[in-house]
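Work through the exercises below with the coordinates open. Each task is followed by a worked solution.

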Amino acid sequence: MDKKVLIDTKKWIEEELFDYCIPFWLKNGRDVENGGVYTCLDREGKLYSTDKSVWMQGRCGYIFASLCNLYGARDEWLEFSKSCIDFLEEHCIDKATKRLYFTVTNTGEPLRLRRYCFSEAFYILANAEYYLATKDEKSLKRAREYYELVYKLNNGLIKDPVGLPPKTDSNTRSGKALADPMIYLNVTNVMRKCDKENEELYNKRAEECIDLILNYHFKPEIGYTLENVGNNGEYYDTYSSGRFVNPGHDMECSWFLMKEALRLNDTEIFNKAKKMFDMAFEKGWDNEYDGILYFIDTKNCPPENYEHDMKLWWPHNEALIASLMIYKETKEEKYLEIFLKVLEYCKKVFSDREYGEWYGYLRRDGLPTMPSSKGTTFKGPFHLPRMLSMCDKMLDEIIDEL
């Protein structure tokens, strides 16, 4: 590989992060009156809804603390992170159940609770990373407390106080969801980095997550990693859930696994994670229009989700992280070619250097949905800055080795 290509790629990524992504959120997302972050922003960064996503309070708090830990502390980054964490602490926890809301108003009035533990997961990430940046003991205590709560909820060790029933009647069909162990694995990786005292615990929990992912959801014999399986890993040949595959999730999960494999120096886990990426990219890449499809069906039947053939920003972010990580570790040119192919597609259709940030939602042909948005309840400063910063650091290492 031509070293100049890698240097030019790193330069573009740094510009995207520091000149177009971070400034967009600092300028348009901060709620200087109530605290926290607004994420419902149109292409230009104008606010179109003041309701707040609790996921995004945690994700934003995490990202801006992480940027401090990667690039050196900056006052405005730490202040933004703290503002999101303070908003979470003051407004986003249901006092009766200790669960976090899914959405709240701009001033923090509760709107919605959900059965899933993802608001809690991002609350943990924010507090853990903020502790690493500041050594604020309260943040570490919160992260530890909620790390245990999510573990107990995910494993049925306590009854969920929210009391919402499962989406599918468990008397008829029950099973396991990939999202639970994969997100907890990522949270575990961050907790281990930030909380050295409990490394043994985090290693044990990581092993449990790896077992669930690889022995229940990873199905190389059929060429897919399944989002939903039976309690014993059974493949449900059902329209709405069993055949449901999210290539972006699989590629994200693959690099979570790779990080653990590298920590353990475990070639078997790394190769399975690499295979997970290969399956997801092969099946998810749109050979007609380019880009990564949002959902696919294992039998190539019509997916239930109407948005299945759209191109969303975040699966492409995860593909970039995973492919570059594989290349960095194996030096197989195939994965650098994938990385550069996906990046060129993203430059062409997602990046918006006129107003900053990336479009979130594109049609299959790569044109933005209209009216276009840069942020929603589900899109904020998370996947893109995480990808840009991780790829920037990986490219540093790759270039240094040439």
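**Exercise 1.** Is Asn265 buried or exposed?

Solution. The model is predicted: local features need pLDDT of at least 70, side-chain atom pairs count only at pLDDT 80 or more, and totals for chains, interfaces and linings use all residues. Residues are numbered from 1 along each chain as its sequence is written, and side-chain values use heavy atoms, with hydrogens and water left out.
- Take the cut-offs: buried is under 20% relative accessible area, exposed is over 50%, and partly exposed is in between (1.4 Å probe, protein chains only).
- Asn265 has 68% relative accessibility and therefore counts as exposed.

**Exercise 2.** Locate Asn265 and Lys135, and state the sign of phi for Asn265 and for Lys135.

Solution. Helices (H or I, at least four residues) and strands (E, at least two) are DSSP runs, numbered from the N terminus.
- Asn265 sits in the loop joining helix H8 (247-264) and helix H9 (267-284); its phi is positive, about 55°.
- Lys135 sits in the loop joining helix H4 (118-134) and helix H5 (137-154); its phi is positive, about 60°.
- Most residues other than glycine have a negative phi.

**Exercise 3.** Describe the peptide bond from Met370 to Pro371.

Solution.
- This bond is cis, with omega near -5°.
- Pro371 belongs to the loop between strand E11 (361-362) and helix H12 (383-401).

**Exercise 4.** How many disulfides does the structure hold?

Solution. A disulfide is a pair of cysteine sulfur atoms within 2.5 Å.
- The structure holds zero disulfides.
- For Cys84, the nearest cysteine sulfur, that of Cys60, is 3.7 Å away.
- Cys84 counts as buried, at 0% relative accessibility.
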